[in-house]
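Okay, thanks for making time this morning. I'd like to walk you through one structure, so please have a look at it before I start talking.

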Amino acid sequence: MIDIPDELIATQYAYNGAAGRAFVAALPGLAGRFLEEWGLRRDGAAMYGLCALVLPVVREADGVPAALKLQLVDEETVGEPVALRAWGAAGAGAVGVLGHDPGTGALLLERLDEGRPLSGMAGDGGVPGGSRLVGEVADARRVVTVLGGVLARLAAVPAPEGLRTLGDAVERMLAAAPGVVRRLADAAERRLLADCVAAVREVAGEPGDRLLHWDLHYDNILAGRADAGRAGEWVALDPKPLAGDPGFELFPALDNLFDAGEVVWRFDALTEALGMERDRGRARAWTLGRVLQNAVWAVGDGERELVPDHAEIARRLLAVR
């Protein structure tokens with residue numbers, strides 16, 4: 001029997017409605033099916049996020065540790081196996097794919113060390129193995145530097161054909177932007193978001209063609225395992241891939257583990273890692289595009305104000321020249 005975490009049930013019901021309820025109802029059967037078909041045995045407690053149930057498993061045929069990931073397939077997740085395989089072929093530092101069922105979206109992934117996310121490690125010069133919680137600025141900056149290195153490897157890979165594109169996303173954002181700006185309750189926030197819209201319009205004609213992760217925050221990077229030949233590596237997982245400009249990748253690392261005083265330092269460190277330090281204006285515009293994207297979603301859900309941290313990121317980046 002598979003126990004489905006209450007938190008996963010709640011998020012699926014809240015965000016995905018009937019499709020989420022159907023997904024939750026199907027989960028025990030899906031888990032049983034792939035445990036049998038792929039010759040897997042359970043090897044630990046189930047894990048979950050907002051979108052997926054992940055079962056630590058071992059492949060019975062060869063004893064290889066792995067992770068069975070079951071998630072509702074939508075426009076954000078449908079490209080995950082395509083992206084992971086492209087990064088894998090390029091040696092770009094993403095989790096490996098051991099199996100995939102196109103009909104259900106089930107994935108059998110390389111097992112990483114789930115107890116060692118980048119968010120919880122100071123590390124030693126960017127090498128997995130540290131044990132202190134991120135807290136002091138020096139430790140937090142070391143973690144940002146590690147993420148920047150992972151991001152640079154991922155963004156160096158051209159996007160495969162068929163993925164959703166930043167061009168399509170920005171077209172939708174800009175179409176919705178006037179109404180979103182009007183619905184914000186605070187005049188200062190209306191002006192702030194209008195500045196974000198103006199910045200995005202300047203770069204909208206060149207949306208880029210790199211393979212983007214879209215959600216590369218510090219909990220989506222885990223330490224690799226020695227038994228998989230990944231000792232000393234930090235490995236990315238859980239992409240919501242799209243084709244676009246690497247500048248659109250910076251926002252999660254500014255927002256996650258948020259520190260207002262570190263926004264500009266992180267932005268500079270990440271643009272340097274991506275080789276965009278001479279094109280900071282474009283990187284800034286696409287980062288402001290993420291503020292706009294989040295505002296479009298929030299206002300669509302009935303909100304009339306910006307998320308405070310997002311507004312602060314926009315204010316600080318708009319002051320950068």
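I'll go through the helices, the cavity, a few loop residues and the cysteines.

First, the usual caveat: this is a predicted model.

Let me start with helix H7, residues 263-273. Which of its residues are buried? They are Val263, Arg266, Phe267, Leu270 and Thr271. These five span an arc of only 125° around the axis, so they sit on the same side of H7. If you want the general background, an α-helix has 3.6 residues a turn, so residues three or four places apart point the same way.

And what does that buried set pack against? The partners are helix H3 (137-155), helix H6 (251-255), H8 and helix H9 (308-318). Just past the end of H7 there's Gly275, with a positive phi of about 75°.

Now H9, since we've just met it. Its buried residues are His310, Ala311, Glu312, Ile313, Ala314, Leu317 and Leu318. The cover over them includes helix H5 (187-203), along with H6, H7 and H8.

Keep His310 in mind, because we need it for the cavity. How many cavities of 30 Å³ or more does the structure hold? Just one, and its volume is about 60 Å³. Around it you find Leu184, Val291, Asn294, Ala295, Ala298, Val299, Glu305, Leu306, Val307 and His310. By type, that lining splits into seven nonpolar residues, two polar and one charged. Which helix gives the most to the lining? That's H8, residues 280-300, with five residues.

Staying with helices for a moment, let's look at Leu174, which is in helix H4, residues 166-183. Is Leu174 buried or exposed? Its relative accessibility is 13%, and the cut-off for buried is under 20%, so Leu174 counts as buried. Leaving out residues up to four places away in sequence, Leu174 touches Val197, Val200, Arg201, Ala204 and Leu292. There's also a long-range pairing to look at here: Leu174 and Gln293 are 119 residues apart along the chain, and their C-alpha atoms are separated by 9.2 Å.

Okay, on to the loops. Ala92 is in the one between helix H2 (80-90) and strand S5 (97-100). With a relative accessibility of 3%, Ala92 is buried. What does Ala92 touch, once you skip residues up to four places away in sequence? The answer is Trp87, Arg153, Leu154 and Val157. To tie this back to H7, take Arg266, which is one of the buried residues there. Ala92 and Arg266 are 174 residues apart in sequence, and 22 Å apart in space, C-alpha to C-alpha.

Next, the loop between strand S10 (234-236) and strand S11 (242-244), where we find Asp238. Asp238 isn't a glycine, but its phi is positive, near 55°. Its relative accessible area is 22%, so Asp238 goes down as partly exposed.

Leu237 is in that loop between S10 and S11 as well, and here the relative accessible area is 16%, which makes Leu237 buried. The cut-off for buried is under 20%, so these two land in separate classes. Leu237 touches Val95, Leu112, His213, Asn220, Ile221 and Leu222, again without counting residues up to four places away in sequence. As for distance, Leu237 and Ala86 are 151 residues apart along the chain, with 13 Å between their C-alpha atoms.

One more loop: Trp214 is found between strand S8 (210-212) and strand S9 (221-223). Trp214 is another non-glycine residue with a positive phi, in this case near 80°. And Trp214 is buried, at a relative accessible area of 10%.

Last topic, the cysteines. How many disulfides does a search of the whole structure find? Zero. As a reminder, a disulfide is a covalent bond between the sulfur atoms of two cysteines. So how exposed are Cys51 and Cys196? Cys51 counts as partly exposed, at 31% relative accessibility, whereas Cys196 is buried, at 0%.

That's my tour, and I'm happy to go back to any part of it.

Conventions: Residues are numbered from 1 along each chain as its sequence is written. This is a predicted model: local features need pLDDT of at least 70, side-chain atom pairs count only at pLDDT 80 or more; totals for chains, interfaces and linings use all residues. Side-chain values use heavy atoms; hydrogens and water are left out. A disulfide is a pair of cysteine sulfur atoms within 2.5 Å. Buried means under 20% relative accessible area, exposed over 50%, partly exposed in between (1.4 Å probe, protein chains only). On a 1 Å grid over the protein atoms alone, a cavity is a set of points where a 1.4 Å probe fits but cannot get out, and a pocket is an open set with protein on both sides within 12 Å along at least five of seven lines; lining residues have an atom within 4 Å of a point. Grid points are joined across faces, edges and corners, and a volume is the space filled by probe spheres set on the points. Helices (H or I, at least four residues) and strands (E, at least two) are DSSP runs, numbered from the N terminus. Ala, Val, Leu, Ile, Met, Phe, Trp, Tyr, Cys and Pro count as nonpolar, Asp, Glu, Lys and Arg as charged, and the others, Gly among them, as polar. The arc is that of the directions from the helix axis to the C-beta atoms. Contact means heavy atoms within 4.5 Å.
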